[in-house]
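Biologist: Please take a close look at the lining of a cavity, and then carry on from there through the pockets and some charged pairs, explaining the terms as you go.

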Amino acid sequence: MANFKDWALQYVLSDEEPAQREIATKAAKEIESSGASRTVVGNWAASVQPWMARAQSGYDDQMDDGEDGGGSDIIARAKALGFLAGTLKALDRKLLKTDQVVFLVGFFGAMFSYDHKAGITASAKALRQLYAMRAFKPDMGVKMIEDVSKLKEDFRLQTASTRLEIYELFLSLIQNPAVSSELQHKYGSSCGFTVDLLQLCQNERDPRNLMLWFKIITVILANFSTSTEVTEEIFKAFSAYFPISLRSSATPIGITAEDLKGAVRACFSAHQHIAALTFPFLMQKLDQGDAVTVAVKVDILKTIKACVEQYENPQTSIVPYIEKIWNSLKYEVRNGEVKETIDTTLEVLQAIANKLDGSKTQRLDATLLKSYIDLVFKDCRDDLANPTYTKQAGLLLMTVITSNARAYMLESVSFVDCIRQNFQQPKSPSHTRDLVLILNSFLKARLELIRSRNQGHLEDEEQLKTEPRVHLDALFHDVYLGIWTAKANEPNSENIEILKQVTRGLALLANQQVVQQDGSRALLCSGKICSEICTLLTQCLVRGLTLSSNDNTTNDATFEEEALLALRSVVMVYTPAYEEFVRRATTEIRKRDWENASAYSLDALKNAVSQLAFVGCSQIPSAIASDTTFSNSSSPVQHFITLTTAVLDIFPLSTPGPGTEALANSYAIAGVHAAILFFRDACTAKYQPEALVSYSKSDKNWIEEFGHLPDDWLQNLRVSGDENLSALDENDPEVYRQFLKLSLYLVRHLYRTASSGTQSIWTGRILGQLADIAALVIRNLGEQLQVSCNLGLEAFNFFAGPQTQSPEQISTGPFVELLTRGVLEGLWPGAMADLYNPGGIAEKFLCNTDGLEPFLGLQSEIRASIGSILANKYKGGPSTSDPEVQTVKRVLVFWGEEIRKATTSDGTEPKIFQALNCIAMHIIAGATARQDKAVVDLIPVFKAAIGSEHANSEIVARSLGVLVKDSELLKADNHAIIRRFYKQWAYSHLAKPLYPLASPSADGASAATRYRTAILSIVSNCSFNVYEADVEPLVRLLITTLTERSGLSQRVLSQQLVSALEILVEILSNEPDALKGHLKAIIGGGMKIYEECLPENKHKAEAGGEPARRRNLIMARKLVLQVLGAVPKKFEERYLLPYSLQLQRMLGLACGDPVREVRQIARLARGNWLKVV
């Protein structure tokens, strides 16, 4: 038989919670195994009797009088009761019988009457466990509350954690419907238990406990019918804490001041029967003037808003206090200066209007709302004519009138008429501006009411169908147009600000919608008015094209930006407006002579084209009915079609001469690129990226479909629809697929034109732009769609058609291969599989070394970029027998042999090899990014090539970093295959084995220098974590580079110094201790490098030579100063004192460096060293 007394003793003697929990669980299992027999439960309860007997005999009080041991007995008794509470927590909730629960409730409840020093926490926990028992009855809950309330004054003497247990017990009980019903039945409206609770908890200050205490009060107010006297006592209890704040504490408690404010606010808004106490109290607090801080004022206003929103039966709970609330709140806006206070006040006034309108299911009498609006109107009408208060009065009126559809229908006509009357006699420019601002805010709020009409009461939509519109129809001619005409002729700063507001108003007016009888939406303004609005806005935007630089002196960029945003807003709902904008802009563009265009004209063209793209394509147009019929106006892609066809119509704008670029043509093509980019981003924002993935897929061959379309298909779409492009709703993600199809057609058209048209027009710059457009479009196509369209082959055919199938028929030119790069850049690997057949297009292209002259550098860079893509995006798996893997392996072997021959024989000139090496390294870089095993086979080739004394060896050494250099072509966005740790892989295979060879030696000093160059070239393109394990040998190598610089050309030397200094900066940032023993060499070498890199030194002629060399010298000086400036932040002064004066002098001279950015770094570095004393 279980010995509960022994377990109780063990529990009392233990100080470890896990051990105590194990003992309590053991006792619980024993009770469960006995089926909770009365004998076992009795023995369990009696097991704590030895400790209880001392308390009943008054032994603790004797100990308090001076005898030793009293404190330990209190603690022991608390633990003993904790044993019982822990057992109850572990016990099955269904086990105890009703009489046993009654007994235990009585036992633990008695603890609150005579044992205030120990066991209160355990007793409260035990009562909470008993409340959770299945045998618990509501009358037991009443007894619990009565027993605990007997603590009285001793309650505040308990610890905060003990009080927390009691609060949680109280809250659980009064939230129980059965217990609350029993309490109401027993105490009635007198709620005697509430009075006891108020006396018990009135001095609470702990934040956690207050949160529960306020919750208890909220529940009592909401669920119990209390007498007036009790209600007043409850109100006094929680209102005494208002406004509440929270002292900062070093110990986080998880409760914020906002949490406490919200809890008190919930008390105020708990029930409407305290409205007579709440509103006068809050008004009195608010009307204290300057004594109220902004935070307190906002708290009061939010509390009033919560009460308005939560109180039911507004006729009796809110209406009697509206005038008092209004008379206090209106001054918060009329004379207010703090935005937060003003905004919160407006929210309160809006909440009152919404409350008086009724709920979604129950409307109130309209006279309540009208009386409220009339009250506001009466006080604000005169203020509209006073420039000092115009904005505030308009804000108050607009907020109330546009709170809901009914309020709008009641007073919108009067409000607009009042505003119009004030426009007739404005007192000042600022008065006009404020009136326009108010009218704009009203139109914006009205638009939101129309859009959200289905979210309110069922009658709202029916009311809006009968809305009078005359007052709104007249706004354009009576208000906006008159102000525009008057102010546009005198474009001073005041008038410009007014015109900005008018511009916003015109956009809002054009966007206004009405609800038709069938529930659909239509534009409020007629097509004629919308067209006039578009004309005004368009005139602002094409000003740069219509005026010369001398005439366009009043152009304001911010005003133009407002007009741009306004016109975009208009064309999204009234689609004919965009056609007019495009027509006006292209007409002005055609008038200009672009053969000899000035910088001003070119800037105007660039702005115009970018504006056309932004206005028409940065959002998805909406299909809203108007009185103007317009072909295909409902198509969401119509603006995109309009812009692209317009650009194609005006292209080319000029014919470039030999060696010149036609910037006008380039800007035109840039407009197409911008349109595609804007529309793609608009689709992403509207339909979400995840949804677009499925709409970028198709198993159809769009390219084949395009072959059956007429050449002018795109132009025909501008004026008429087509069965290939069905009309869609703007909310249908199918719009995205339609857009992609149009974009691919556009790419095909431009590629075919560029590869077969007049070559003088399609310069390298423009072909590069076409390539970027193709990459942008194609990367967004799904892999299956790319395969279906056979885009891998089209990359080399330029969409010429099925007759061009072999590489021998591919058009070649100095820059035409850019088009190939554009398509390949956006392809998925699966769409390129056919290119890797043995002896196929990919292998022939990758191994082609012909046709690089006369554009040696540019042609090699283009071919190199294509090579990196082809060497990376093949679909071969880990098996070395895959055809794609074998193809790429043969390519790598080919280029390895080319490098070997070029560095061992005299057949290849350095200039030619520079181009060939560029191609080779980029091809190998593509394979390196996917960790192609064939790259490892090239390591002996690289070692031998760098170690050779051939003139080309230096080229190989300094270009090895290309293998790990980040490339825009090899990005995940372009579907390239990038292994996560490929840089670590490349570093360990390519750079790490070269460290022993890079050490200076008498026999091979020049070879060691080249090996150092190779290592630095790789490491400078890696992050610190890649080479972290080799910092020590790397630092030695860096020091050698800084101090011994013989054996390299000046160009390579400057490049090597930049790489070394970049790595030093990284090491200083991540592991400066590795440099502690080399400070002398770093500081001395850095000072010498800075001096040698100045234009005034002995290499002055070289410094003023090629641009790349000049850039490297400037970069070297910047990096030297960064290194020297970071040293004082990383090391103790005792290591730096020997160099301080010398460096301060040197840095003082560096503050006069010819380059501004270098001077800034020098000043920062000098400031750091001045602190070293």
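Modeller: To sort a lining by class, Ala, Val, Leu, Ile, Met, Phe, Trp, Tyr, Cys and Pro are counted as nonpolar, Asp, Glu, Lys and Arg as charged, and the others, Gly among them, as polar. By that rule, the lining of the largest cavity here consists of 6 nonpolar residues, 1 polar residue and 1 charged residue. What you see is a predicted model, in which local features need pLDDT of at least 70 and side-chain atom pairs count only at pLDDT 80 or more, while totals for chains, interfaces and linings use all residues. Residues are numbered from 1 along each chain as its sequence is written, and side-chain values use heavy atoms, with hydrogens and water left out.

A cavity is a set of points on a 1 Å grid over the protein atoms alone where a 1.4 Å probe fits but cannot get out; a pocket is an open set with protein on both sides within 12 Å along at least five of seven lines, and lining residues have an atom within 4 Å of a point. In this model there are 5 cavities of 30 Å³ or more, and the largest cavity holds about 50 Å³ of space (the volume filled by probe spheres set on points joined across faces, edges and corners). Around the largest cavity stand Ile939, Phe942, Lys943, Ile946, Leu960, His989, Leu990 and Leu994. Helices α48 (939-947) and α50 (982-991) each bring at least two residues to the lining of the largest cavity, and α48 gives the most, with 4 residues. Helices are DSSP runs (H or I, at least four residues), numbered from the N terminus.

From the cavities we can pass to the pockets. The largest pocket has about 1,300 Å³ of space, and of the 46 residues lining the largest pocket, those nearest its centre are His922, Ser959, Val962, Lys965 and Gln1055. Several helices share in this wall, since at least two lining residues of the largest pocket come from each of α45 (856-872), α47 (910-929), α49 (953-959), α51 (1005-1019), α54 (1050-1070) and α57 (1107-1130). The greatest share in the lining of the largest pocket belongs to α47, with 8 residues. Sorted by class, the lining of the largest pocket has 19 nonpolar, 18 polar and 9 charged residues.

The second largest pocket holds about 840 Å³ of space, and Tyr11, Gly82, Ala85, Ala122 and Lys125 are the closest to its centre among the 31 residues that line the second largest pocket. Helices α2 (17-33), α6 (70-90), α8 (120-131) and α10 (160-175) each supply at least two residues of that lining, with α6 giving the most, 9 residues. The lining of the second largest pocket divides into 11 nonpolar, 12 polar and 8 charged residues.

Next come the charged pairs. The model holds 51 salt bridges, where a salt bridge is a side-chain nitrogen of Lys or Arg within 4 Å of a carboxyl oxygen of Asp or Glu. In one of them, the closest N and O atoms of Asp287 and Lys324 are 3.5 Å apart. Because Asp287 lies in the loop between α16 (275-286) and α17 (294-310), and Lys324 in helix α19 (residues 322-334), this pair ties together parts that are 37 residues apart in sequence. Both of these residues are partly exposed (buried is under 20% relative accessible area, exposed over 50%, partly exposed in between, with a 1.4 Å probe and protein chains only): Asp287 has 41% and Lys324 has 46%.

Helix α19 appears again in the salt bridge of Lys330 with Asp379, at 2.8 Å from N to O, and here too distant parts of the chain are linked, with Asp379 in helix α21 (residues 366-380) and Lys330 in α19, 49 residues apart. Asp379 is partly exposed at 25%, whereas Lys330 is buried at 13%.

A further salt bridge joins Arg446 to Glu467, with closest N and O atoms 2.9 Å apart, and it connects helix α24 (residues 429-451), which holds Arg446, to the loop between α25 (458-465) and α26 (470-473), which holds Glu467, 21 residues away. Arg446 and Glu467 are both buried. Elsewhere, Asp772, Arg779, Arg821 and Glu825 form one network through salt bridges that share partners.
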